[in-house]
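Student: Got a minute to go through this model with me? I'd like to start with the basics and then poke around.
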Amino acid sequence: MMRRLVAILLVAAMPAAWGAGGEQVPFEFDPNLGNQASLQRGAKLFLNNCAGCHSLQYLRYNRMAKDLGIPEEILEDKLMLAGGEAHEHIVNSMPKAKAEEWFGKAPPDLSLVARSRGPDWIYSFLLTFYLDDSTATGVNNLVLPNTAMPHVLAPLQGYQHYNADHGEETSGGHGGGGPDFELVREGRLSEAEYRRAVADITNFLTYAGEPAKLVRYGLGVKVIAFLLLFTALAWLLKREYWRDVH
Ligand code: HEC
């Protein structure tokens, strides 16, 4: 009996460990689903910069707005793709065959990417686009070599050069032991601001991979509040009963 219970618990814990991706990537990111402002910024960045190519086929606009505390007017005026309806899933009208022709590979749905690749991977992917003349898009990527995805966030980040010779070992004078990048064309954001934007997008995609998690967090707080209240009542009751005994 005990052994079976342990086996069940082990199996239950597994997807979480596997979902972390496991691949070696240069940057780490810990998602924080409690940071609603970050999730809202991430939603905005995603819908404005990514949703034209990538769908989130299991997530409805109005579910997202409710979960993230986004008012209906803002959802409809600023966030939804043209032609979308609030009750619809976040999908675009890009024909798959055409997309394959354009990019060499259709942009995948990103509903589950935070669970298949892990947040560290997404964060690193968006930070490590670098100039490369030999590719069709003019850029390459450190964690997804020869990726078909263009550097769509270049207006924000700018373009960086990657110094492969100095690899991971040396800091290249940029602090930390990460890959040696040098910004050669500025974008609209500073490096710190761009990192925050990428963190927000990663946070949002983590939420999108499991929207029910936010609900569970909310429920957890209520359950604990109830237990505390119940404990207090039980204690008062006990004191009441024992008063006459002593
Ligand atoms: C112009 C179309 C286009 C836009 C816009 C775009 N992507 Fe992509 N993306 C692609 C294509 C094509 C691929 C497939 C790349 C490959 O496998 O080489 C891809 C792949 C990815 C992957 C890897 C998925 C996987 O598991 O292999 C992630 C993550 C991703 N994109 C995130 C984003 C984010 C975040 C944005 C917005 C900031 C974005 N993309 C905007 C075209 C696009």
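Tutor: Sure, and let's fix one term before anything else: a residue is buried under 20% relative accessible area, exposed over 50%, and partly exposed in between (1.4 Å probe, protein chains only). Also, this is a predicted model, where local features need pLDDT of at least 70, side-chain atom pairs count only at pLDDT 80 or more, and totals for chains, interfaces and linings use all residues. Residues are numbered from 1 along each chain as its sequence is written, and side-chain values use heavy atoms, with hydrogens and water left out.

Student: OK, so is Asn146 buried or exposed?
Tutor: Asn146 is exposed, with a relative accessible area of 58%. Its phi is near 55°, a positive value in a residue other than glycine.

Student: And where does Asn146 lie?
Tutor: In the loop between E4 and H8. Helices (H or I, at least four residues) and strands (E, at least two) are DSSP runs, numbered from the N terminus.

Student: Switching to the metal: what coordinates the iron atom of the ligand?
Tutor: His54 through NE2 and Met149 through SD, at 2.0 to 2.1 Å. Donors are N, O and S atoms within 2.8 Å of the metal (3.2 Å for Na, K and Ca), and water is not among the atoms, so sites may look incomplete.

Student: What's the geometry of the iron site?
Tutor: Octahedral, with 6 donor atoms and angles of 87 to 179° among them. Six donors get that label if opposite donors are over 155 degrees apart and all others between 65 and 115.

Student: Which parts of the chain does that pair tie together?
Tutor: His54 lies in the loop between helix H2 (36-49) and strand E1 (56-60), and Met149 in the loop between strand E4 (139-141) and helix H8 (154-157), so the pair ties together parts that are 95 residues apart in sequence. His54 is buried, at a relative accessible area of 10%.

Student: Which residues come nearest to the ligand?
Tutor: Cys50, Cys53, His54, Ala148 and Met149, out of 21 residues around the ligand. To count as near, a residue needs a heavy atom within 4 Å. The shell divides into 16 nonpolar, 3 polar and 2 charged residues. Here Ala, Val, Leu, Ile, Met, Phe, Trp, Tyr, Cys and Pro count as nonpolar, Asp, Glu, Lys and Arg as charged, and the others, Gly among them, as polar.

Student: What about polar contacts with the ligand's oxygen atoms?
Tutor: A polar side-chain atom of Thr147 lies 3.2 Å from a ligand oxygen, and a polar backbone atom of Ala148 is 2.8 Å from a ligand oxygen. A polar contact is a pair of N or O atoms within 3.5 Å; within protein, one must be able to donate a hydrogen and the other to accept it, and residues adjacent in sequence count only if both atoms are side-chain atoms.

Student: Which helix gives the largest share of the shell?
Tutor: Helix H7 (residues 119-127), with 3 residues. H7 is mostly covered, as 8 of its 9 residues are buried, including Trp121 and Tyr123.

Student: New topic: how many aromatic pairs are there?
Tutor: The count is 11. Rings of Phe, Tyr and Trp (its six-membered ring) pair if their centres lie within 6.5 Å; planes under 30 degrees apart count as stacked, over 60 as edge-to-face and the rest as tilted. The Trp102 and Phe103 rings have centres 6.5 Å apart and planes at 85°, so that pair is edge-to-face.

Student: Is Trp102 buried or exposed?
Tutor: Exposed, at 52% relative accessibility, while Phe103 counts as partly exposed at 25%.

Key:
Tetrahedral: all angles 85-135°; square planar, octahedral: opposite > 155°, others 65-115°.
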